[in-house]
Amino acid sequence: KQAMWAAQVLGMEMLICTILGLTMFCQGVVSCISMYAQSHSWGTGSDAHYRLAFKWMELVFAADNTMWVVNSLGLGLLSGILWQVQPPKDDPQSGRELTRGLVSMSSLLSPNEKEGYDQVVEQIANRGFRLGALVRFWERLLDGQVMPGFDSGRSLTNDVVRRAIIPESRVDHGGFALATLWSSTETKPQVMVTHNWTNGFGSLVAAILADALGRADFHEVAAQIGTGSGLERVQAKLGSKLETTYWVCAFCINQHASICAGFAPEPPKGTPEWAVWDRRRYDSVTGEAFGLCNCRVEKVLSHTDARCELNKFDDMMTHLAWQVEGFTQLIVVDDVFDVLYRAWCVAEIFEASVLGMESRIQVSSQDAVDLNYDKLSLLDVRQCTASSQADKEMIMAKISDVEAFNLKIQELVFSEEMGLFAKWVGGNERSRHAGRIVRTFEPPVTSLPQADVRCWALLIVGLLVVGSSKTMGFLAPFALKRAVDLLSRQDYLGLPWLAIFAALKGMTQALNNSKTAVLCFIARPMGRRLAGRLFAKLLCLDLQFHAMRRTGEILRKLERPPRAVDTLLRALLFTLVPIFYELVVVFFLLLSRAGTDVAATVLFT
Ligand SMILES: [Zn+2]
């Protein structure tokens with residue numbers, strides 16, 4: 001659809017250009033014939049000839065006026081003032097017919113098992129909860145009712161799952177997903193939250209609230225909800241947003257059917273994996289070991305079991321993307337960007353993109369992005385971690401082409417236009433830009449004066465181009481006058497003058513149109529010089545400065561000079577110099593032809 005739309009737009013623009021060209025041509029022909037008729041009529045002096053000449057002149061006027069109208073219309077249409085259409089959204093239905101990104105686990109099952117599998121997908125997909133329920137849960141955590149020792153700034157999601165969510169969701173000897181207990185009826189979520197369990201729970205809640213409030217980052221909201229009064233203020237601002245439904249694995253997966261009675265299988269002692277595993281068994285704030293739940297719910301941990309709730313996130317997302325209009329994804333990025341290194345989360349981001357879902361990110365602040373900017377370029381799903389080897393294997397098994405997956409993820413995260421971080425860093429383009437600056441950077445001491453001379457020379461060339469374009473524009477009417485004068489006396493020396501007029505007109509247009517190209521020529525070396533000098537300055541600063549700065553911050557600063565040069569040159573070459581030049585020339589023309597009073601009046605008004 002979009003391709004057809006683009007082809008139609010291009011065709012339309014070509015048509016407008018053709019019409020513009022044709023009217024120009026017709027006007028030229030009419031002008032020439034009229035001029036010819038005039039030059040003849042003056043010679044003969046007969047009434048019939050004069051009448052004919054007048055007729056032609058009227059035609060020229062009519063042609064002129066028509067051309068004005070057609071040109072203005074063309075300009076309006078081409079520039080988008082009069083006619084602007086948005087590309088059509090590709091049909092969501094056809095988008096969903098795309099081949100699935102990840103390989104569903106159900107493809108390995110028998111038809112019988114598949115039915116059970118789809119039932120579980122349906123069940124977990126119906127476990128959305130309202131934002132209001134999450135806010136109430138947070139309120140109770142703050143009060144210390146649910147989890148003694150809870151710290152809104154430090155407690156991790158893992159702590160809250162172990163010490164609040166699992167006990168809260170237990171009912172007698174059984175247990176449910178906490179979201180099931182919060183919502184009395186089946187609730188379809190509108191937003192799926194992708195996050196990792198080693199992230200602060202306060203950050204998770206703050207990010208969800210900040211997203212609902214339309215904030216760009218969540219550090220302010222995180223600070224606000226740390227106190228009861230701040231939370232009330234946030235709640236008041238949320239208003240009807242409290243009804244929005246969410247899906248968060250910590251609340252929407254039944255922990256009693258999986259992890260409540262134990263931990264992931266123990267990795268070999270002494271390895272880094274063991275240290276990570278061991279850390280997950282203790283509260284990160286109080287250091288207490290987590291108690292285990294002794295409910296009687298059957299644990300289904302095997303990823304090949306159709307009843308398992310942990311291996312179905314891709315099928316659930318597909319199911320919801322079909323069923324819920326505007327089903328979106330919110331990615332909560334923690335301060336160390338771990339979420340992008342968790343196999344699980346990366347797979348969810350990938351699947352959302354394949355399903356054509358809108359994905360938004362919440363980071364705590366620009367600082368966090370600056371600090372982790374380098375890390376992003378190393379994204380590789382093979383390097384990602386999961387809470388157990390089995391989880392990782394399950395996710396890797398879902399990925400049919402790892403290289404393609406990695407490329408897609410890099411694109412999703414980095415792409416300047418569409419990337420998740422487009423708003424925060426210029427992504428690929430920015431780093432490439434910095435790379436270009438560094439690569440083309442000349443040693444500062446030896447070549448500085450020479451390079452400066454070149455920059456000045458280029459600027460003068462630019463001014464000359466603009467000046468000559470304007471001058472020719474001024475001279476063209478004089479050549480035309482001369483031509484008409486000569487031709488009216490039947491003097492054929494007028495014809496070369498006519499040619500000069502045409503040449504001047506053409507040159508004016510050509511120079512005018514090449515201004516942008518000339519600007520590029522001048523702006524690029526100048527911007528590079530400035531960026532190079534800035535880079536040299538930065539290198540000369542003492543270690544203290546560099547120890548305190550983040551790569552992203554410095555890259556952003558390095559990117560400024562080329563842009564600034566471009567803006568300044570654009571203003572100088574396209575606006576200031578031409579206007580000033582025109583003013584001066586018109587002033588002197590009027591001074592010589594119409595006297596001081598008229599010239600001064602025109603100048604001042
Ligand atoms: Zn349990």
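Here are a few exercises on the structure above, each with a worked solution.

This is a predicted model, so keep the ground rules handy: local features need pLDDT of at least 70, side-chain atom pairs count only at pLDDT 80 or more, and totals for chains, interfaces and linings use all residues. Residues are numbered from 1 along each chain as its sequence is written, and side-chain values use heavy atoms, with hydrogens and water left out.

**Exercise 1: the zinc site**

Work out which protein donors hold the zinc ion, and what arrangement the donor atoms make.

Step 1. Look for donors, meaning N, O and S atoms within 2.8 Å of the metal (3.2 Å for Na, K and Ca); water is not among the atoms, so sites may look incomplete. You'll find H256 through ND1, plus C260, C293 and C295 through SG, at 2.1 to 2.2 Å from the zinc ion.

Step 2. Check the angles. Four donors count as tetrahedral if all angles lie between 85 and 135 degrees; four count as square planar and six as octahedral if opposite donors are over 155 degrees apart and all others between 65 and 115, and anything else is irregular. The 4 donor atoms here subtend 106 to 113°, so the zinc ion has a tetrahedral arrangement.

Step 3. Read off the spacing along the chain: H-x3-C-x32-C-x1-C. C260 sits in the loop between α11 (249-252) and α12 (272-279), while C293 is in the loop between α12 and α13 (313-323), so this pair ties together parts that are 33 residues apart in sequence. Helices (H or I, at least four residues) and strands (E, at least two) are DSSP runs, numbered from the N terminus.

Step 4. Check the cover. C260 and C293 are both buried, on a scale where buried means under 20% relative accessible area, exposed over 50%, and partly exposed in between (1.4 Å probe, protein chains only).

**Exercise 2: the sheet**

Find the strand order of the open sheet, and say which strands stand at its edges.

Step 1. Pair the strands up: two of them pair if DSSP finds at least two bridges between them. That gives 5 strands in the order β1-β5-β4-β6-β7, with mixed pairing.

Step 2. Pick out the ends. β1 (129-130) and β7 (358-362) are the edge strands, each with a single partner, so one side of each has no neighbour in the sheet.

Step 3. Zoom in on one pair. β4 (residues 191-194) and β5 (residues 245-248) run parallel and are joined by 3 bridges. M192 stands opposite W247 in β5.

**Exercise 3: salt bridges**

Count the salt bridges, then work out what a few of them connect.

Step 1. Apply the rule: a side-chain nitrogen of Lys or Arg within 4 Å of a carboxyl oxygen of Asp or Glu. The count comes to 13.

Step 2. Start within helices. D118 and K114 make a salt bridge with the closest N and O atoms 3.3 Å apart; they are 4 residues apart in helix α4 (residues 111-125), separated by about one helical turn. D485 and K481 meet at 3.2 Å, N to O, and they too are 4 residues apart, this time in helix α19.

Step 3. Now go between helices. K470 and E582 have their closest N and O atoms 2.4 Å apart. K470 belongs to helix α19 (residues 444-488) and E582 to helix α22, so the pair ties together parts 112 residues apart in sequence. K470 is partly exposed at 25% relative accessible area, and E582 is partly exposed at 31%.

Step 4. Don't miss the network of salt bridges that links D211, E358 and R360.

**Exercise 4: two unusual phi angles**

Compare the settings of D172 and F337: which is buried and which is exposed?

Step 1. Recall the background: most residues other than glycine have a negative phi.

Step 2. Take D172, a non-glycine with a positive phi of about 50°. D172 lies in the loop between β2 (170-171) and β3 (174-175), and is exposed, with a relative accessible area of 66%.

Step 3. Then take F337, whose phi is positive at about 60° although it is not a glycine. F337 is in the loop between β6 (328-332) and α14 (343-354), and is buried at 0% relative accessible area.
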